Amino acid sequence: MTGQIFNKWLIWGLSQTLRQRLRPALGVVLGLVITGALASCKSQPAAPVVSASPGVTVTGEAIPAQLQKLIDTWNDPALQTVKAFQIFDNLYYVGIDWVAAYVLQTSAGLILIDTLYEPWVDHLLTGMDELGLDPNDIKYVLVTHGHFDHAGGAAQINRRFGATVVMTEEDWALAREPASIPAFAMDVPANGQVAHDGEIIQLGDTKVELFKTPGHTEGVLSLRYPVQDGTETYTAITLGGVGLNFSGVERTQSYLDSYARLRTEIAKGASVSLPNHAEMGAVFERAKQLAQRAPGTPHPFVDPEGFAADLAGFVAAAQNKLNAEKSGTAQDPLDALKSVLTNQESEQETKEQ
Ligand SMILES: [Zn+2]
């Protein structure tokens with residue numbers, strides 16, 4: 001089974017190195033695939049979201065049963081519930097299984113990194129409560145990109161707590177496009193702040209540096225900020241978009257350019273990876289180690305070599321994709337997704353026999 005998952009992951013061109021380092025849950029892999037593949041359908045004119053009913057796209061096409069089943073797993077509490085936990089003195093995980101969200105604590109309030117989506121926004125807020133973090137203290141919401149799984153809760157958090165939502169111009173526009181599938185429909189804040197490359201958001205004693213790293217979407221926002229472990233301070237990076245679920249030579253080249261810049265400039269000297277999908281930085285495995293950490297031993301999230309290897313893996317995968325795009329052999333993301341789901345189903349049947 002695991003081997004099969006790895007083969008499927010290969011569709012997205014991930015390298016051997018990465019496959020050894022990461023054990024991607026199928027849900028995450030497919031989630032990345034779907035949010036990208038279907039987002040790419042978004043550019044067609046579509047009817048307003050409200051007119052869509054479950055089970056069909058806004059243009060009235062039936063959503064494939066396997067795909068619907070997968071979408072259902074994203075809303076299944078048994079699969080998605082993760083108890084919120086602390087990672088550093090000033091940094092907390094408040095996400096679910098397949099999508100991450102973090103809270104950065106400063107001397108003048110909280111910065112929320114990504115917002116999940118409905119029905120998970122209350123889960124995020126409850127998690128904050130359990131950790132002693134007051135959602136009324138959220139001053140900024142930094143959204144890594146405009147797909148529903150990261151941006152879907154932004155409007156509600158803005159409305160309820162008055163936090164300023166920050167996203168790049170490209171991804172404000174992306175978030176505002178009508179969703180192709182009802183499950184991806186989201187409320188977008190009426191007002192917010194446009195993020196620019198190189199900009200700094202300062203809140204109290206903490207500075208978060210914003211970097212535009214296009215590829216996964218046209219306006220991916222990656223973040224650099226300090227995390228505290230006792231007397232030690234480390235530089236953390238939140239990669240704003242890793243998945244290769246998009247098409248085209250130009251777009252793939254922009255991904256490669258972004259990751260080249262991450263390796264040589266943005267993430268240079270950074271030792272902590274806190275990506276917006278936990279699997280991409282082995283967040284849960286590290287959290288287990290952290291829970292059992294003996295006093296005076298290294299923090300399991302501080303892993304500069306591991307992070308460098310992850311970045312190298314992402315670049316190698318994107319390079320493979322670029323070659324395929326150039327030679328015209330790259331698979332359409334949605335077709336690839338369908339074949340993954342079909343294989344998964346026949347695999348399931350074989351297992352059941
Ligand atoms: Zn995405």
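How many bridges join strand β3 to strand β4, and do the two run parallel or antiparallel? Hi everyone, let's start there. What you see above is a predicted model. In it, β3, residues 102–106, and β4, residues 109–113, run antiparallel, and 5 bridges join them. If you want to find the pairing on your screen, look for Y102, which stands opposite I113 in β4.

A quick reminder: strands of a sheet pair through backbone hydrogen bonds, either parallel or antiparallel.

Now let's zoom out to the whole sheet. This is an open sheet of 7 strands, in the order β1-β2-β3-β4-β5-β6-β7, and the pairing is mixed. Why do β1 and β7 each have one side without a neighbour in the sheet? Because β1 (85–88) and β7 (193–195) stand at the edges, each has a single partner strand, and so one side of each is left free of a neighbour in the sheet. On average, neighbouring strands here are turned by 25° against each other, ignoring direction.

Next, the helices. Helix α8, residues 154–161, lies across β4, β5 and β6, and runs at about 165° to β5. Helix α9, residues 169–176, lies across β6 and β7, at about 105° to β6.

Finally, the core. In soluble globular proteins, nonpolar side chains tend to be buried together. Here the largest nonpolar core has 82 residues, and Y102, our friend from β3, is among those with the most contacts inside it, along with L112, V141 and L142. Helix α12, residues 304–327, gives the most to this core, with 5 residues.

Take V141 as an example: beyond its neighbours within four places in sequence, its contacts include L112, A154, I157 and V165. Thanks for listening!

Notes. Residues numbered from 1 in each chain as written. Predicted model: local features only at pLDDT ≥ 70, side-chain atom pairs only at ≥ 80, totals over all residues. Pairing = 2+ DSSP bridges. Helix = DSSP H or I, 4+ residues; strand = E, 2+ residues; numbered from the N terminus. Axes fitted to C-alpha atoms, helices over the stretch in contact; angles between N-to-C directions. Contact = placed C-beta atoms within 7 Å. Core = buried A, V, L, I, M, F, W, Y, C linked by C-beta atoms within 7 Å. Buried ≥ 20, exposed ≤ 12 C-beta atoms within 10 Å, placed from the backbone.
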